[in-house]
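Please open the model in your viewer, with the sequence panel alongside, and follow the stops below in order.

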Amino acid sequence: MKEKKVKPMTMDIGISDADRKKIAEGLSALLADSYTLYLMTHNFHWNVTGPQFNSLHNMFMTQYTEQWNALDIVAERIRALGFPAPGTYKEFVKLASIKEVEGVPKATEMIRHLVAAQEATARTARKLFPVVDDANDQPTADVLTQRIDVHEKTAWMLRSLLEE
């Protein structure tokens with residue numbers, strides 16, 4: 001099936017079509033990383049075992065619930081810029097910097113994978129800042145700032161579990 005070329009909607013919000021396109025592409029990568037992180041966290045919630053079962057099971061649920069709610073915020077910002085949000089596994093795999101985890105790792109390895117995925121998602125968001133700043137796009141900057149804060153804080157909390 002041939003892919004359709006996506007043209008930006010005609011709009012004048014003070015951000016050029018070219019900048020809106022670059023920002024939407026960056027947000028699409030963030031959405032893909034965010035969805036992949038959400039799915040990984042939910043998978044680990046279902047499958048965690050061991051002495052830390054209860055605390056990790058509950059922590060992962062809190063994390064995937066927050067991530068699920070954030071997906072809508074990122075996708076709706078893409079739409080507000082006039083572009084379609086990616087929404088299939090095929091698109092997410094192509095756009096994400098996070099690779100899926102195969103099998104069911106032990107609890108400590110789950111934590112390590114989640115730290116790496118949280119950090120990767122923060123890096124994806126941070127990479128978009130220069131484009132957003134140049135375009136004077138404060139709403140997207142606000143979304144990025146909020147997401148980076150959550151991912152860095154969550155990575156720190158998870159890393160704390162790995163300390164002896």
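Throughout this tour, contact means heavy atoms within 4.5 Å. Please keep in mind that this is a predicted model.

**First stop: helix α1**

Begin by selecting residues 17–47, which make up helix α1, and then colour S34, whose place is in this helix. Which residues is S34 in contact with, leaving aside its neighbours within four places in sequence? With those neighbours set aside, the contacts of S34 are L71 and T121. S34 has a relative accessible area of 6%, and because buried means under 20%, S34 counts as buried.

Staying on α1, move to R20, which is also found in this helix. Is R20 buried or exposed? Its relative accessibility is 0%, so R20 counts as buried. Show the side chains of R20 and D17 together, and you will find a polar contact of 2.5 Å joining them.

**Second stop: the nonpolar cores**

Next, select I23, L27, L31, V74, I78 and L144, which are the residues with the most contacts inside the largest nonpolar core, a set of 27 residues. Four helices each supply at least two residues of this core, namely α1, α2 (53–80), α5 (129–134) and α6 (138–162). The largest share, eight residues, comes from α1.

For a closer view of this core, centre on L144 and display what surrounds it: not counting residues up to four places away in sequence, L144 touches L27, L30, A125, L128, F129 and V132. A second core, separate from the one just shown, has 16 residues, and M40, F44, V48 and L114 are among them.

**Third stop: how the helices pack**

Two packed helices are described by the angle between their axes and the distance between the axes. Show α1 together with helix α4, which spans residues 107–127. Their axes are 9 Å apart and the packing angle is about 165 degrees; since angles over 145 degrees count as roughly antiparallel, α1 and α4 are therefore roughly antiparallel to each other. The crossing of these two helices is left-handed. To see the contact itself, display A29, L30, D33, S34, L37, M40, T41, F44 and N47 on α1, and on α4 display M110, H113, L114, A117, Q118, A120, T121, T124 and A125.

Now replace α4 with α2 and keep α1 in view. These two helices pack at an angle of about 160 degrees, again with an axis separation of 9 Å, and that makes α1 roughly antiparallel to α2. Here too the crossing is left-handed.

How do α2 and α4 run relative to each other, roughly parallel or roughly antiparallel? Their axes come within 12 Å and cross at roughly 25 degrees, and that makes α2 roughly parallel to α4. α2 passes α4 in a left-handed crossing. The contact between them is made by L56, F60, Q63 and Q67 of α2, facing A107, M110, I111, L114 and Q118 of α4.

Before leaving α2, select D72, whose place is in this helix. With a relative accessible area of 45%, D72 is partly exposed. If you draw a distance from D72 to W46, C-alpha to C-alpha, the separation is 23 Å, for two residues that are 26 apart in sequence.

**Fourth stop: G87 and E91**

Where is G87 found? G87 is in the loop between α2 and α3 (89–95), and at 58% relative accessibility it counts as exposed. Add S28 to the selection: the two residues are 59 apart along the chain, and their C-alpha atoms are separated by 9.4 Å.

Then select E91, which lies in helix α3 and is partly exposed, with a relative accessible area of 32%. The backbone nitrogen of G87 lies 3.0 Å from a polar atom of the E91 side chain. A further distance to draw runs from E91 to T41, which are 50 residues apart along the chain and have their C-alpha atoms separated by 19 Å.

**Last stop: N136**

Finish at the loop between α5 and α6, where N136 lies. Although N136 is not a glycine, it has a positive phi of about 60 degrees. Its relative accessible area is 53%, so N136 is exposed.

Methods: Residues are numbered from 1 along each chain as its sequence is written. This is a predicted model: local features need pLDDT of at least 70, side-chain atom pairs count only at pLDDT 80 or more; totals for chains, interfaces and linings use all residues. Side-chain values use heavy atoms; hydrogens and water are left out. Buried means under 20% relative accessible area, exposed over 50%, partly exposed in between (1.4 Å probe, protein chains only). A polar contact is a pair of N or O atoms within 3.5 Å; within protein, one must be able to donate a hydrogen and the other to accept it, and residues adjacent in sequence count only if both atoms are side-chain atoms. A nonpolar core is a set of buried Ala, Val, Leu, Ile, Met, Phe, Trp, Tyr and Cys residues joined through side-chain atoms within 4.5 Å. Axes are lines fitted to C-alpha atoms, for helices over the stretch in contact, and angles run from 0 to 180 degrees between N-to-C directions. Angles under 35 degrees count as roughly parallel, over 145 as roughly antiparallel, 65 to 115 as roughly perpendicular and the rest as oblique. A crossing is left-handed if the near helix is turned anticlockwise from the far one by less than a right angle, and right-handed if clockwise.
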